[in-house]
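Thanks for coming. I will go through one structure today, starting with its open spaces and then turning to domains and sheets.

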Amino acid sequence: MPERVFNFSPGPATLPYEVLQQASKDIVNFKDSGIGLIEISHRSKEFMAVIEDAESLLRELMAIPDNYKVLFLQGGASSQFFMVPMNLMVGKKATYLNTGTWSKKAIKEAKLFGDVDVAFSSEEDSFNRVPKQQEYSVADDSEFLYFVSNNTIYGTQFHEMPETEKMLVCDMSSDILARKIDVSKFGLIFAGAQKNLGPAGVTLVIIREDLLGKAPESTPTMLNYKTHADKGSMFNTPPTFPIYIVAEVLKWLKAKGGVTEMEKINREKAALIYTAIDATDYYRGHSDADSRSIMNISFNLPTAELEAKFIAEAAEIGLNGLKGHRSIGGCRASIYNAFPREGVVKLVEFMKEFEAKNPA
Ligand SMILES: *Cc1c(COP(=O)(O)O)cnc(C)c1O
């Protein structure tokens with residue numbers, strides 16, 4: 001078997017090796033049942049135990065209050081861009097914070113259903129920061145404040161969650177379970193699994209119960225949160241394999257000490273890279289210092305040629321996936337929960353060597 005490389009990919013992203021090993025056995029023969037995990041009925045007692053595990057571990061790790069439902073849906077995080085307004089703001093108003101590609105896409109969809117009040121945008125500064133509390137206000141007649149807690153492409157993150165009387169609705173796709181949060185401030189949280197939770201194919205939705213059934217009568221059955229909440233995410237066939245992996249990742253996370261311990265490690269890993277960036281003018285971080293993400297670190301070198309060389313030479317020594325998103329170019333190190341500290345240390349060493357060998 002080839003040695004594993006350090007995979008800095010933004011998503012799908014690196015998963016705990018132990019989880020992959022376990023999955024490779026269970027796919028073929030699930031818990032010695034003589035049948036593979038992806039062959040069993042979603043209504044079998046074996047799979048019911050898997051989805052129950054996933055939900056209860058998530059409730060425990062995130063301290064989700066009892067008046068919230070946990071849903072496992074399909075369609076990716078992008079489908080939540082329309083499901084949220086379709087269920088919660090038809091013909092009404094909502095406030096959105098425009099902090100990157102993913103919020104912009106969500107704003108576009110929300111406009112199909114109601115009145116969108118964009119209270120802040122950092123687009124003109126190529127999304128290099130998230131707003132401070134005093135920089136925006138939430139309209140009195142808004143149903144909710146929508147924001148993206150971590151901007152995967154630009155490498156910015158809300159260090160404190162917005163404070164408002166209104167409920168928060170959050171796209172947490174790239175930092176769910178990376179740090180402690182107070183779920184009770186949120187009406188709805190969603191996250192595509194493929195960044196910090198598992199493989200592509202399942203989207204997690206955490207929704208406060210009183211928001212179920214708010215969708216207009218004309219809402220298609222599959223697009224109404226209530227349908228899935230009433231049936232425990234089993235209205236139709238759920239994505240069984242991704243849900244299984246999520247359960248395994250959550251077991252791994254719990255064994256590692258849960259979110260508190262993970263947050264500590266995440267902060268240490270990010271600090272190693274930011275310290276290297278700040279140590280020289282050679283590397284420039286995309287994000288303003290007070291908006292820096294602990295999950296995705298986007299940075300530039302002096303020229304595009306040096307960036308291409310950096311990415312290519314890094315890959316040669318097993319540091320993969322460092323190319324920045326096509327919308328801003330440069331480099332990006334995505335260091336989610338499952339990304340090992342050794343890989344960060346190796347990257348920082350490589351950054352120093354590369355600068356020494358390739359002066360600007
Ligand atoms: C990746 C990402 C998305 C899009 O996820 P899909 O599952 O591909 O639709 C949305 N929001 C954020 C913050 C992301 O990082």
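First, a definition: on a 1 Å grid over the protein atoms alone, a pocket is an open set of points with protein on both sides within 12 Å along at least five of seven lines, a cavity is a set of points where a 1.4 Å probe fits but cannot get out, and lining residues have an atom within 4 Å of a point. With that in place, the second largest pocket has 16 lining residues, and nearest its centre are P131, K132, Q133, H159 and E160.

Before going on, the provenance. This is a predicted model, in which local features need pLDDT of at least 70 and side-chain atom pairs count only at pLDDT 80 or more, while totals for chains, interfaces and linings use all residues. Residues are numbered from 1 along each chain as its sequence is written, and side-chain values use heavy atoms, with hydrogens and water left out.

Back to that second largest pocket. Its volume is about 270 Å³, where a volume is the space filled by probe spheres set on the points, and grid points are joined across faces, edges and corners. By class, its lining has six nonpolar, four polar and six charged residues. For the classes, Ala, Val, Leu, Ile, Met, Phe, Trp, Tyr, Cys and Pro count as nonpolar, Asp, Glu, Lys and Arg as charged, and the others, Gly among them, as polar.

Now the largest pocket, at about 330 Å³. It is lined by 19 residues, and those closest to its centre are P16, W252, A338, F339 and P340. The split here is 11 nonpolar, three polar and five charged. Which elements each supply at least two residues of this lining? They are β1 (6–7), α1 (17–28) and α7, and α7 gives the most, three residues. Helices (H or I, at least four residues) and strands (E, at least two) are DSSP runs, numbered from the N terminus.

Next, the domains. The assignment gives domain 1 (17–255) and domain 2 (258–357); the bounds come from an automatic or database domain assignment. Their C-alpha centres lie 26 Å apart. The contact between them takes 28 residues from domain 1 and 26 from domain 2, contact meaning heavy atoms within 4.5 Å. The lining of the largest pocket draws at least three residues from each domain, and the lining of the second largest pocket also draws at least three from each.

Cavities: there are two of 30 Å³ or more. The largest has a volume of about 40 Å³, and T14, L15, P16, K195, N196, V249, W252, N337 and A338 line it. That makes five nonpolar, three polar and one charged. The second largest cavity is about 30 Å³. Residues lining the second largest cavity include Y154, G155, Y274, R292 and N296. Strand β12 provides the largest share of that lining, three residues. The classes there are three nonpolar, six polar and one charged.

That strand leads to the sheets. β12 sits in an open sheet of three strands, ordered β11-β12-β14, with antiparallel pairing; two strands pair if DSSP finds at least two bridges between them. The edge strands, each pairing on one side only, are β11 (284–285) and β14 (331–334). Two antiparallel bridges join β11 to β12 (residues 296–300), and the partner of R284 in β12 is N300. Helix α7 (residues 258–278) packs on this sheet, touching β11, β12 and β14, with its direction at about 15° to that of β12. Axes are lines fitted to C-alpha atoms, for helices over the stretch in contact, and angles run from 0 to 180 degrees between N-to-C directions.

The other sheet is open, with seven strands in the order β2-β10-β9-β8-β5-β3-β4 and mixed pairing. β2 (68–73) and β4 (115–121) are its edges, each paired on one side only. From one strand to the next, the twist averages 20°. Parallel strands β5 (residues 142–148) and β8 (residues 167–171) are joined by five bridges, and V148 stands opposite D171 in β8. Helix α3 (residues 76–88) packs on this sheet, and its direction makes about 155° with that of β9 (186–192). Helix α4 (residues 101–110) packs there as well, touching β3, β4, β5 and β8, at about 160° to β3.

That is what I have.
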